[in-house]
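Reader: Could you walk me through this one? I would like to hear the reasoning behind each label.

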Amino acid sequence: MNVAAVIAEYNPFHFGHQFHLQETRKQTHADALVVVMSGYFTQRGQPAILQPWQRAKAAIQHGADIVILLPAVSSLQPADGFAAGGVSVISQLPGVRYLSFGAESPCLEDLTTVADALLHDPVLSELAKEGQKAGGNFGRTQAMAMGRHPVLKNLAPLLNSPNNILAISYIKAILSQASSLQPHAIARKGAGYLDEELQPLASASALRKALSEGISLQAHLPAASYAVLEEERLLGRVITSTEQFSAQILTLLQRATLSEIAELPEINEGLENRFMLYRNAASIQDFIHSVKSKRYPYSKLQRSLFHLLLGIRTSDLPSAQTPMPYALVLAYNTTGQKLLSQWRKTSGIPLITRPMRQRAELTDLGKRMLDIDRLASEAWTLALPLAYRQPGLWSKQHPIRISVSTSGETEARLEE
């Protein structure tokens, strides 16, 4: 079986995601599509609008065959850490040949040249260090360093586009992990990643903004994705703002010590002092606006607040060479079920379908990461209005199995 994989967030699943899955299947001639997807919190330090099982259900109904959770320890990381976690999971799943990703500039040769240079070029490394000393943040200094490189400067514009940056991070992860995955770039279609204008092929950012403003997304989402969103909205299980976590996070800021803040993954260069200085803020947005500077971008600060919420320390992050310790299955269809059966016979990575029951089978690192995923579930639930909370949901969840009836309609049910 020819298998391709995608690393995604689907927050929410939109037409651009559907196009990417369709093109991946078409261009790689894939018999099966595997998705590794963020859970309750995403790479830019935002809460997912829906629980991961529901987003996985939408993905299966629109082209994926099996969806696996990207642990929170990796999903709440900058591009390189996010990519490394996803690549590590996929590389341990036997038979997966391709990693497909979208890019604004899908020339794989150019993307690979940049990725290799960022990993190994000493001139580029020195130029980037000079930029960081001058006060720039990591992303900007890499782009500026590339622009000053005597040989690679014509490729510097690649580092100015968010999907190109993530594509390069995927390739870096494949190279650094010596993975057998073959990268496959697909031209991104639709609005820009951060474009908040609602349009025919709107970005996830625009869709979340519209949702928070009470605007219907029916015309902007594929049918099954909209149905899932609407069902969860009617049940009160939708999160549209980081401010829904204010009580939890601001309380933790009040009780945290300077040393505890300093142990968070992205806290450096004295940032812990700014956290302590402004911890009496009235809201998350007030706090971030007070702490933010050109060196500390918005997404970094948001991730740090959710690191605090989940108790994620720098010591919890797996090293670049440490394989991810489990693959937690969220949903699958008939093809995905066949893959899962094959993996159970040949895979070295534990395949989790009953998180609480299978915890004892994991390494210490796996247990710690799974505990953080459980806490992410509980923290997300506590951000819902009281009437809609589902405490202990993590221990009750099982993979969702999607079957197709003879009439072509899909049916979703929990694995028994």
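Author: Happy to; below, each term is set against its cut-off. Please keep in mind that this is a predicted model.

Reader: Thanks! What makes Leu127 count as buried?

Author: Its relative accessible area is 12%. The term buried requires a value under 20%, so Leu127 is buried. This leucine sits in helix H6, which covers residues 122-133.

Reader: Which residues does Leu127 touch, leaving aside those up to four places away in sequence?

Author: Leu127 touches Ala145, Arg148 and His149. To be called a contact, heavy atoms must lie within 4.5 Å.

Reader: How far apart are the C-alpha atoms of Leu127 and Leu277?

Author: They are separated by 33 Å, and the two residues are 150 residues apart along the chain.

Reader: Let us turn to the strands. Why is strand E6 described as largely enclosed by the rest of the structure?

Author: Strand E6 runs over residues 327-332, and 6 of its 6 residues are buried, so the strand is largely enclosed by the rest of the structure.

Reader: How do you know that E3 and E6 pair?

Author: Pairing calls for at least two bridges between the strands. Strand E3 (residues 66-70) and E6 share 4 bridges, in the antiparallel sense, so by that rule they pair. Within this pairing, Val67 stands opposite Ala331 of E6.

Reader: And what makes E6 and E7 a pair?

Author: Here the count is 2 bridges, in the parallel sense, with strand E7 at residues 351-352. The rule asks for at least two, so this pairing also qualifies. Leu328 has Ile352 in E7 as its bridge partner.

Reader: Which helix belongs to the β-α-β unit with E6 and E7?

Author: That is helix H16 (residues 334-346); together with E6 and E7 it makes a right-handed β-α-β unit. The label right-handed applies if the path from the first strand over the helix to the second runs clockwise, with the strands pointing away from the viewer.

Reader: Now the whole chain. How do you know that its radius of gyration agrees with a compact globule?

Author: For 416 residues, a compact globule would come out near 22 Å; the chain has 21 Å, which agrees. The C-alpha atoms fill a box of roughly 65 × 50 × 45 Å along the principal axes.

Reader: What share of the residues is buried?

Author: Buried residues make up 54% of the 416. As for contacts between residues at least 6 apart in sequence, 73% join residues at least 24 apart. The chain has 19 helices and 9 strands.

Methods
Residues are numbered from 1 along each chain as its sequence is written. This is a predicted model: local features need pLDDT of at least 70, side-chain atom pairs count only at pLDDT 80 or more; totals for chains, interfaces and linings use all residues. Side-chain values use heavy atoms; hydrogens and water are left out. Buried means under 20% relative accessible area, exposed over 50%, partly exposed in between (1.4 Å probe, protein chains only). The radius of gyration is taken over C-alpha atoms; the globule rule is 2.2 Å times the number of residues to the power 0.38.
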